[in-house]
Amino acid sequence: MRLNIGLLGLLFIALINSAVAHNKVVVVPLGGDEFKPLKNIVTVAKANGDFTNIQAAIDSISNASATNPYVVVIGPGQYDVATTIVAKEYVDITGSGQGTTIISGSVRARGFDSPAVFLVANVRLSNLSVHNTSSGSSYSLGISVFNPSNFQDNITIENVTVRVGGAPINSSRGVYVEEGSVLIRNADVLIEGTTPNYGIRAYSGDIRIVDSRIEVNSGTVNRAVYSAAASSTVIDHSDLIASGTDARALYSKATVKYSTLTSTGLSIESIHSVKVHWSTLVGGVSGATIECAYSADDNGNELSAACD
């Protein structure tokens, strides 16, 4: 059943199912800075939804567009997946809350296009948890944006918890971005693999991490955020935490604002310049030229400024 409805704030839909003599209630939390007029809603639930399978719900949509967007609303519960959930453009995916709606995967990734959840342009993933534990494959991946031949624009990951672990051959990665523009807001990412671990690995594209906590705490090589030279990464009001034998809170380049970078190894390692504004670095700095580094006293009064 698909509903055509205009939304503002919270949308409550009550559908009476006389066959089971109780109501099905769908609550769609809308977030973000922009109001997005939504027309079509497809529900996924353990019972009494349009679908019980997330991918089947997405695949049922064939006419989504910028002027005809959809939302797939997933009810409470754990949804086990053995293969990648692949998003569609202009089809947002929202759950019933972090820790309430859980996509739990054992997806064995041969490449970066085989995570638990694969996102494309013009999609918002929100209000749920993504777990993936994979061993013996090349990678264990939570969420991936990967299309080297076609830049993926306007992707939002918001109010999402990511947990990735296992023993893959190469590495475990919470969020991987290659050729995409991605906003990650209010995310809680924890990586606990036995091989090199990356909370967020930005190979190329534009990535903004806001109000988030990114932690890696096991394995031999740990990077909370790895931002390659080809990417433009901003870390804003976030906590980056890395521990282990070879730990870096931030590796390579980024702009850091109002954030805390904590590491048992180095807070920052880079051969590039890193702009740090009003942030706390716990751990050494290696190779990086720190630009615009501000400091303040306990009352918030500025003590020094390297640049405007």
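## Overall architecture

The protein contains one helix and 28 strands. The model is a predicted one. Of its 308 residues, 51% are buried. Contacts between residues at least 6 apart in sequence are in 62% of cases contacts between residues at least 24 apart. The accessible surface amounts to about 12,900 Å², and carbon and sulfur atoms account for 49% of that area.

## Nonpolar core

The largest nonpolar core comprises 61 residues, and Leu119, Ile143, Ile184, Leu240 and Leu250 have the most contacts inside it. Strand β13 (residues 152–166) supplies the largest share of this core, namely five residues. Because domain 1 (73–181) and domain 2 (203–215 + 230–307) both give residues to the core, it lies between them.

The surroundings of Leu119 can be listed in detail. Leaving aside residues up to four places away in sequence, Leu119 touches Ala87, Leu125, Ile143, Ser144, Val145, Ile155 and Ile157. One of these partners, Ile143, is also among the core residues with the most contacts.

## Aromatic pairs and cluster

Six aromatic pairs are present in the structure. One of them joins Phe146 and Tyr176 in a tilted arrangement, with 6.4 Å between the centres and 45 degrees between the planes. This pair links distant parts of the chain, since Phe146 belongs to strand β12 (residues 139–146) and Tyr176 to strand β14, 30 residues apart. Phe146 counts as partly exposed because its relative accessibility is 22%, whereas Tyr176, at 2%, counts as buried.

A further pair, formed by Tyr198 and Tyr226, is edge-to-face: the centres are 5.7 Å apart and the planes meet at 75 degrees. Here too the pair links distant parts of the chain, with Tyr198 in strand β16 (residues 197–210) and Tyr226 in strand β18 (residues 221–227), 28 residues apart. Tyr198 has a relative accessibility of 13% and therefore counts as buried; Tyr226, at 18%, also counts as buried. In addition, Phe112, Tyr139, Phe146 and Tyr176 form one aromatic cluster.

## Charges over aromatic rings

The ring of Tyr226 has a charged neighbour as well: the charged end of Arg201 sits over this ring, 3.7 Å from its centre. Elsewhere, Lys46 lies over the face of Tyr79, at 4.4 Å from the ring centre.

## Backbone features with positive phi

Most residues other than glycine have a negative phi. Asn122 has a positive phi, near 60 degrees. Asn122 is located in the loop between β10 (117–118) and β11 (123–133). With a relative accessibility of 14%, Asn122 counts as buried.

Glu179 is another non-glycine residue with a positive phi, of about 65 degrees. Glu179 is placed in strand β14 (residues 171–185), the strand that also holds Tyr176. Its relative accessible area is 26%, so Glu179 is partly exposed.

## Environment of Lys257

Lys257 lies in strand β22 (residues 255–257). Its relative accessibility of 24% means that Lys257 counts as partly exposed. Not counting residues up to four places away in sequence, Lys257 touches Arg208, Val234, Ile235, Asp236, His237, His277 and Ser279. For one of these partners, Ile235, the C-alpha separation from Lys257 is 6.1 Å, although the two residues are 22 residues apart along the chain.

Key
Residues are numbered from 1 along each chain as its sequence is written. This is a predicted model: local features need pLDDT of at least 70, side-chain atom pairs count only at pLDDT 80 or more; totals for chains, interfaces and linings use all residues. Side-chain values use heavy atoms; hydrogens and water are left out. A nonpolar core is a set of buried Ala, Val, Leu, Ile, Met, Phe, Trp, Tyr and Cys residues joined through side-chain atoms within 4.5 Å. Buried means under 20% relative accessible area, exposed over 50%, partly exposed in between (1.4 Å probe, protein chains only). Helices (H or I, at least four residues) and strands (E, at least two) are DSSP runs, numbered from the N terminus. Domain bounds come from an automatic or database domain assignment. Contact means heavy atoms within 4.5 Å. Accessible areas come from the Shrake-Rupley method with a 1.4 Å probe; for residues, only the protein chains shown count as cover. Rings of Phe, Tyr and Trp (its six-membered ring) pair if their centres lie within 6.5 Å; planes under 30 degrees apart count as stacked, over 60 as edge-to-face and the rest as tilted. A charge sits over a ring if NZ of Lys or CZ of Arg is within 6 Å of the ring centre and within 35 degrees of the ring normal.
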